[in-house]
Amino acid sequence: MRPDLFEAPDYYNMDDLLSEDHKLIRQATRAWVKKEVSPIIEEYAQKAEFPKPLLQGLAELGAFGPYIPLEYGGAGLDQISYGLIMQEIERGDSGIRSTASVQSSLVMYPIWKYGSEDQRKKYLPKLASGELIGCFGLTEPNHGSNPGGMETKFIDAGDHYVLKGAKLWISNAPFADLAVVWAKDENGRIHGLLVERSMKGFSTPETHNKWSLRASATGELIFDNVKVPKENILPGKSGLGAPLGCLDSARYGIAWGAIGAAMDCYDTALRYAKERIQFGKPIAATQLQQKKLAEMITEITKAQLLTLRLGQLKNEERASSAQISMAKRNNVNMALEIARQARQILGAMGITGDYSIMRHMMNLESVITYEGTHDIHLLITGADITGEQAFK
């Protein structure tokens, strides 16, 4: 792995729109990624293994629930700070950002927003410190883009619930201590349940043979008549809107994170183009390579502006689900296209682990699909502007 020489592009002086605190938080995260992630990530991706030593560092960095209030162990930061942390972590690797996103937006967020005070005090500080690692169970083998069709169910058994079913493509599942699981009650109403690793009948087989997110741990959640205490149901919200609210927070983090991956690919390609000599001059001096690089920085800048405005709306609690969908879809697609163009600039070197581009490209093929596919987000925008839903 080459030295991490990353320099973030800021073509429109975006830093002028950030507070000093925002810039300090970003710099601390960037420095951690350079020191802890970059030197090891290619090795772990090649091995298809999650780098567990990074978990404590993520916790100390405040990447687990950065917007969770201080009283529950979080850092109490705003939404732009959360976004910048996700951007810098994904600049290192999408899989590492996925772990932080899941912990923050899909585990801590629902406990904070929908949980009881006892649940908040019991779980949130340990999740923030990394003592507990969580996962989020929504997607099923037969239900991806249609989560409302889920088959996982629980019944009332007197002093506890009995949970049956399975979830698939779950980040963090193989080593998670706690799962936020969405299941239907006997009336078909969706609820969130907190399932602990120690509960009998709960297993998490790992998913292997992935070509994408290789440094991320993915697995299944199997519930074989698991007894869940009644105090482990999330009381604050039920129905499909509850898990979708969590996904809004996660998709927002992805919109920022994808910019980080795009920045890394652009920075790598720009540096290579200046150094690579062909026909007696650097390839950066050719029109075709300049076209690629100019288009890359243009798209990154547009995504930066889109996402910063979304962060402002999130801070004001005015960001809509459809606005978040637009940013997630646009930015991930942008990052994937930039990864592809950057790989071409590097030629054959672009497919090697000596550079980060091919790893980013493979990772982004998952990011463009998970937490709402590229096409579903397009239809969310379409439904929002027309008032007509085309995917039901």
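**Entry 1: Lys167**

I began at Leu138, whose backbone oxygen lies 3.2 Å from a polar atom of the Lys167 side chain. I note here that the model is a predicted one.

Next I asked which side chain makes a polar contact with the side chain of Lys167. I found Glu140, at 2.9 Å.

Then I looked up where Lys167 sits. Lys167 is in strand β3, which covers residues 160–171.

Is Lys167 buried or exposed? I read a relative accessibility of 0%, so Lys167 counts as buried. The cut-off for buried is under 20%.

I also listed what Lys167 touches, leaving out residues up to four places away in sequence. Among them are Gly137, Leu138, Thr139 and Glu140. Met150 and Thr152 are on the list too. So are Val181 and Trp182. I also wrote down Glu220, Leu221 and Phe223. Leu138 and Glu140 therefore appear in this list, and I had already met Leu138 through its backbone oxygen and Glu140 through its side chain.

**Entry 2: Salt bridges**

I searched the whole structure for salt bridges. How many are there? The search finds 20.

I picked Lys47 to follow up. Its side chain meets that of Glu43 in a salt bridge, at 3.7 Å from N to O. Both residues belong to helix α1, residues 20–47. They are four residues apart, about one turn of the helix.

Lys47 also has a salt bridge with Glu49, where the N to O distance is 3.5 Å.

I checked how open these residues are. Lys47 has a relative accessible area of 41%, so I filed it as partly exposed. Glu43 is partly exposed as well, at 47%. Glu49 counts as partly exposed at 35%.

I moved on to Glu117. Which residue forms a salt bridge with Glu117? The partner is Arg120, and the closest N and O atoms are 2.8 Å apart. Helix α5, residues 117–129, holds both of them. They are three residues apart, so about one helical turn separates Glu117 and Arg120.

Glu117 is partly exposed, with a relative accessible area of 30%. Arg120 is buried, because its relative accessible area is 15% and buried means under 20%.

After that pair I looked for a network. Asp4, Arg91 and Asp264 are joined into one by salt bridges that share partners.

**Entry 3: Positive phi**

I turned to the backbone. Most residues other than glycine have a negative phi. I looked up two residues with a positive value.

Leu213 has a phi near 50°, which is positive, and it is not a glycine. Where is Leu213 found? I placed it in the loop between β6 (202–203) and β7 (218–229). Its relative accessibility is 5%, so Leu213 counts as buried.

Asn225 is not a glycine either, and its phi is positive at about 55°. I found Asn225 in strand β7. Is Asn225 buried or partly exposed? At 40% relative accessibility, Asn225 counts as partly exposed.

My note on the two: Leu213 lies in a loop, whereas Asn225 lies in a strand. Leu213 is buried, and Asn225 is partly exposed.

Methods:
Residues are numbered from 1 along each chain as its sequence is written. This is a predicted model: local features need pLDDT of at least 70, side-chain atom pairs count only at pLDDT 80 or more; totals for chains, interfaces and linings use all residues. Side-chain values use heavy atoms; hydrogens and water are left out. A salt bridge is a side-chain nitrogen of Lys or Arg within 4 Å of a carboxyl oxygen of Asp or Glu. Buried means under 20% relative accessible area, exposed over 50%, partly exposed in between (1.4 Å probe, protein chains only). A polar contact is a pair of N or O atoms within 3.5 Å; within protein, one must be able to donate a hydrogen and the other to accept it, and residues adjacent in sequence count only if both atoms are side-chain atoms. Contact means heavy atoms within 4.5 Å.
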